[in-house]
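I set out to record what surrounds the ligand, and then to look up how selected helices and strands are arranged. The entries follow the order in which I consulted the structure.

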Amino acid sequence: MQDDILPPLRRSEKFVRILIESHLKNKLMELKCFTTKEVARLCRVSDATVKRWEDAGLLRSERTSGGHRRFRVEEVARFQREQNLGLKISNGDESAVRAATRCRASLHQSESALFHSLVGGCEEEAANKLIGAHLHGESLPGIFDDLICPAMRRVGELWYNGELSITQEHIATRTACNAVFKLRNVLPVPAMNGALAICCAMEADFHELPTHLAQTIFENEGWEVLNFGANTPLYSLAEEIAQHTPELICISVTVMNDMERNARDYKIFTEQAGKFKIPVILGGRALADEQIRRRFPAELYAQSFGEVAEFTRRLKTKQ
Ligand code: B12
C-alpha cells in the first residue's frame, strides 16, 4: 500500500514506527560501529583518507539519521585485512604466531585473550585488544588495572609455578610494553596543562612496564612526562628534580632489594623534593608491606592506575 492512500491514523503509526526504527538503528550503530575518527585511528590515517575510501566505494559505511558515517566492525576488519592496514604483522609477530599456537595448546583455555597474545608475543593482536577496549569506551586506567595487570599477574603466577619460562615472561613483558605504546599512539591528544611529571622505577628494580603505564596515565591527563624507566638511582633522580622542577614525581617499586640503602637515599631525595614542594606518588607491589611504607613516606601509595589518574586530576584542579 502506498503512503498517500493510508488512512491518517495508519500514517502516523507508520511515522512513529519509522522514528523508532531510526532511533534503534542509531543505537545499534553506536554499539557495533566505528565513527570516521575511530576508523582513522585504527588504520593510522587521517579522517579525510577514510572519507576518500568511503567515497571511492572501498569501505562501506552506513549513515546515522544525522547523516554521519558509521562503519561496521566486520566491514572495517575486512578492509584492514584486505588492505593490510593497521593490522600488519610487525617484527616478531610471524614467528610469534607459531609460539602462540604452541602456548595456546599447552596453557589453560580459561586464560584471558590478552594473556595469550602477550605470551605469544603477538604485538599487533595485543595492541588491537587494548585499542578495541578503548574504542568501546573502557577508560585508560580501567584498561591498565583490569586488562593488563591481571594478565601480567597471571604471567608471574605461571612463571612462579614453573609453567612459563623466563623467556616467555620476557616476551610477554616486551609485548605488553609495545602494545601500550601502540595504544598510546591512538589516544586522543588532551589539552595540555603545562605541568610536568617525572616517573621511574627505583634503583635495582627492573620492572619497567609500570613506569610506562604511569607515563601514559599522566600524558592522558594532559601532563608532559619524563620517564626514566627501570632501575633509576634516587641520587640521580634528585639531580633531575633540581633541573626540571616537575609538579609531580611517581616512583614504582615492584621489588625492594636493599631496603636500608634505598631508605637512606630516599630520605635525601624527599628532602630535595620537599624544597620544591613536589608531591611524590609511590606505587607497586613492594608498597603493600606496611614496614616499607613507614620507611618511605609519600603523598600517595597508589594501588591502581585509577588512583593515580584521580590524584593527578585533583592536583590539576588546584593549579
Ligand atoms: C615481567 C616481570 C619481571 C621481568 C621485568 C621485565 C621488564 N622489562 O619489566 C623481570 C624478568 C626483569 C623480572 C625480574 C624479577 N622478578 Co618479576 N615479575 C614480572 C611480572 C610477571 C610482571 C611485572 C609487571 O610488569 N606487572 C605489571 C604491574 C603494573 O602489575 P602489578 O605488579 O600487579 O601491579 C599492581 C599494583 O601493585 C599497582 N602497581 C604496580 N606498580 C605500580 C606503579 C605505579 C606507579 C602505580 C601507580 C601502581 C603500581 O598496580 C597494579 C594493579 O593493582 C610480575 C608478576 C606480577 N604480578 O606483576 C613478576 C614479579 C613482580 N617478579 C617477581 C620476582 C620474584 C622477580 C625476581 C626477584 C625474580 C628473580 N629471582 O630474579 C626478579 C627481580 C628483578 C629486579 N631486581 O627487579 C615476583 C615478586 C614477588 C614479590 N616479592 O612481590 C612477581 C610478583 C612474580 C611472582 N608471582 O612471584 N620480573
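**Ligand shell**

I first looked up the surroundings of the ligand and found 33 residues around it, of which G156, L209, P210, G283 and A302 come nearest. I note that the model is predicted.

I then asked which elements supply the shell. At least two residues each come from helix 8 (140-160), helix 9 (166-186), helix 10 (209-220), strand 6 (248-252) and helix 14 (305-318). Helix 8 gives the largest share, nine residues.

By class, I recorded 16 nonpolar, ten polar and seven charged residues in the shell around the ligand. Because domain 2 (98-186) and domain 3 (196-318) both give residues to this shell, I place the ligand between them.

**Helix 11 and helix 12**

Next I examined helix 11 (residues 234-244) against helix 12 (residues 259-275): their axes come within 9 Å and cross at roughly 5°. Angles under 35 degrees count as roughly parallel, and helix 11 is therefore roughly parallel to helix 12.

On the helix 11 side I listed L234, Y235, L237, A238, I241 and A242, which meet D265, Y266, I268, F269, Q272 and A273 in helix 12. This contact has ten nonpolar residues, one polar and one charged.

**The three-stranded sheet**

Finally I traced an open sheet of three strands, ordered 1-3-2 with antiparallel pairing. Strand 1 (33-34) and strand 2 (62-63) stand at the edges with a single partner strand each, so one side of each has no neighbour in the sheet.

I found two bridges in the antiparallel pairing of strand 2 with strand 3 (residues 69-72). For E62, I recorded R70 as the bridge partner in strand 3.

Notes: Residues are numbered from 1 along each chain as its sequence is written. This is a predicted model: local features need pLDDT of at least 70, side-chain atom pairs count only at pLDDT 80 or more; totals for chains, interfaces and linings use all residues. A residue is near a molecule or strand if its C-beta atom, placed from the backbone, lies within 6 Å of it. Helices (H or I, at least four residues) and strands (E, at least two) are DSSP runs, numbered from the N terminus. Ala, Val, Leu, Ile, Met, Phe, Trp, Tyr, Cys and Pro count as nonpolar, Asp, Glu, Lys and Arg as charged, and the others, Gly among them, as polar. Domain bounds come from an automatic or database domain assignment. Axes are lines fitted to C-alpha atoms, for helices over the stretch in contact, and angles run from 0 to 180 degrees between N-to-C directions. Angles under 35 degrees count as roughly parallel, over 145 as roughly antiparallel, 65 to 115 as roughly perpendicular and the rest as oblique. Two residues are in contact if their C-beta atoms, placed from the backbone, lie within 7 Å. Two strands pair if DSSP finds at least two bridges between them.
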